Amino acid sequence: MSAVSLRGKSLAVSHRTKAQAKKQEGFVRVRKRDLDKLTTEVMQLREFLPRVLNRDLIEMLHKARAAQTNTDTPTSWRVFFTCVDVVKGFFFTMEGSCDHPPLFIITSEKLLLREQLWQSVAELQQQADFCSGLGSATCSLLWSCSAREHTVTQWLADGKLQSFLAVAAQTLESFVRSVDEEMKTEDHNSQEHQFVLALAGTITNIAAVTCGRDFLSSSAHVLLDTLMKLLELMKPGVFPKLKVLMLMALYNVSISVKGLKYISKNLLRLIWSLLDDGDWEVCLHSLRLLQSVLLEEEVLLLLGSSLLDPDLQARVRRLTSTAQPSLRLAAQQTLEDLQALQQDQGCKQSTL
């Protein structure tokens with residue numbers, strides 16, 4: 001009996017609890033701070049939504065709906081995709097703004113400005129591509145023309161060569177630094193690469209002519225410094241054709257005693273690094289530049305014992321076992337010159 005009465009009491013209590021819960025079902029307990037925040041957001045929405053959901057956006061959505069139902073004509077498809085792009089841009093902007101309170105609502109004017117910005121970026125890229133193509137074509141013509149000695153002589157007579165060399169130095173430095181900073185992959189067929197190759201080739205041809213070589217040695221020190229600095233900056237194996245043309249230009253300048261004296265101050269450090277470049281043509285032209293130094297007695301006196309460094313001979317000796325015949329021959333000749341210089345210095349010291 002007691003068990004039955006207890007069960008009945010328990011059932012009665014359960015019914016009363018459910019009834020009370022049913023009465024309180026329409027109420028939720030919230031903190032005052034959350035309520036104030038919700039009130040603020042609702043007020044913001046009431047204020048800003050009419051600015052966003054304006055007539056322009058509604059008409060755009062109507063056009064999209066009409067274009068989606070009538071997909072038979074190309075015009076309808078263009079309207080539809082234009083509307084989709086606008087609405088996608090709207091929602092992407094809204095999504096980004098929701099993460100940063102207070103709520104920022106994008107307006108139709110901002111959408112228009114964004115579209116104009118994209119159009120301006122595209123136009124600037126087209127202009128940059130056009131300028132790169134024009135520069136590449138123009139400098140290729142200059143490179144071809146500079147192979148004729150009388151052309152370089154005429155350039156010097158006109159007095160325009162100084163300004164051209166200044167622009168060439170700035171362009172080469174800008175290209176090399178941008179490649180190094182942005183870590184671009186090598187694109188040997190790009191307009192920019194062809195542009196700087198033609199610039200370096202033109203400089204090389206100018207230095208191949210006696211009057212041009214003398215001009216570079218006396219009046220283009222900024223260019224010579226830039227070439228040597230960029231050769232040090234460029235990483236091993238990067239743009240070997242550009243390095244070769246720069247080294248050929250320096251070698252042509254080194255034929256002039258005045259030019260060799262000027263570039264010799266930092267030349268050995270540069271040659272040491274380039275002998276480990278990995279590209280056989282870069283190593284070959286580095287050796288030829290070193291041979292030019294070894295053949296000039298005045299420069300040997302300036303460089304002193306730095307040419308007798310065992311590490312320099314070790315790097316040259318490693319190249320005597322390369323598979324490239326021309327590089328192997330140049331390395332053997334250079335090693336012989338270094339050994340002859342060492343013996344000569346030893347004889348002089350023993351005499352003293």
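Is Arg-318 buried, partly exposed or exposed, as judged by its relative accessibility? In this predicted model, Arg-318 has a relative accessibility of 49%, and because partly exposed covers values between 20% and 50%, the residue counts as partly exposed. Arg-318 is a useful place to start, since its side chain meets that of Asp-276 in a salt bridge, with 3.5 Å from N to O. This pairing links distant parts of the chain, for Asp-276 sits in the loop between H13 and H14 whereas Arg-318 belongs to helix H16, and the two residues are 42 apart. Asp-276, at 39% relative accessibility, likewise counts as partly exposed. The pair does not stand alone, as salt bridges with shared partners join Asp-276, Asp-311, Arg-315 and Arg-318 into one network.

Helix H16 also leads to a helix packing. Two packed helices are described by the angle between their axes and the distance between the axes. For helix H14 (residues 280-294) and helix H16 (residues 310-319), the axes come within 12 Å and cross at roughly 135°. An angle of this size falls between the perpendicular range, 65 to 115 degrees, and the antiparallel range, over 145, and H14 and H16 are therefore oblique to each other. Their crossing is left-handed. The residues that meet are Cys-283, Leu-287 and Leu-290 on the H14 side, and Leu-312, Val-316 and Leu-319 on the H16 side. Sorted by class, this contact of H14 with H16 comprises 6 nonpolar residues, with no polar and no charged ones.

A second helix pair can be read in the same way. The axes of helix H8 (residues 191-208) and helix H11 (residues 240-254) come within 8 Å and cross at roughly 15°. Since angles under 35 degrees count as roughly parallel, H8 is roughly parallel to H11. The crossing of H8 and H11 is left-handed. From H8 the contact draws on Val-196, Leu-197, Ala-200, Gly-201, Ile-203, Thr-204, Ala-207 and Ala-208, and from H11 on Lys-241, Leu-242, Leu-245, Met-248, Ala-249, Asn-252 and Val-253. By class, the contact of H8 with H11 has 11 nonpolar, 3 polar and 1 charged residues.

From these helix contacts we can return to charged pairs elsewhere in the chain. Side chains of opposite charge can pair when their charged atoms come close. Across the whole structure, a search finds 7 salt bridges. One of them joins Glu-232 to Arg-269, whose closest N and O atoms are 3.1 Å apart. Because Glu-232 lies in helix H10 (residues 221-233) and Arg-269 in helix H13 (residues 267-274), this pair ties together parts that are 37 residues apart in sequence. Glu-232 is partly exposed, with a relative accessible area of 36%.

Another salt bridge lies within a single helix, H7 (residues 161-182). Here Glu-173 pairs with Arg-177, the closest N and O atoms being 3.0 Å apart. The two residues are 4 positions apart in H7, so about one helical turn separates Glu-173 from Arg-177. Arg-177 has a relative accessible area of 35% and is therefore partly exposed.

A last point concerns helix H5 (residues 108-145), in which Leu-134 lies. Although Leu-134 and Phe-195 are 61 residues apart along the chain, their C-alpha atoms are separated by 9.0 Å. Leu-134 itself counts as partly exposed, at 48% relative accessibility.

Note on methods: Residues numbered from 1 in each chain as written. Predicted model: local features only at pLDDT ≥ 70, side-chain atom pairs only at ≥ 80, totals over all residues. Heavy atoms only, no water. Axes fitted to C-alpha atoms, helices over the stretch in contact; angles between N-to-C directions. Left-handed = near helix turned anticlockwise from the far one by under 90°. Contact = heavy atoms within 4.5 Å. Nonpolar A, V, L, I, M, F, W, Y, C, P; charged D, E, K, R; others polar. Salt bridge = Lys/Arg side-chain N within 4 Å of Asp/Glu carboxyl O. Buried < 20%, exposed > 50% of the residue type's maximum accessible area, 1.4 Å probe, protein only.
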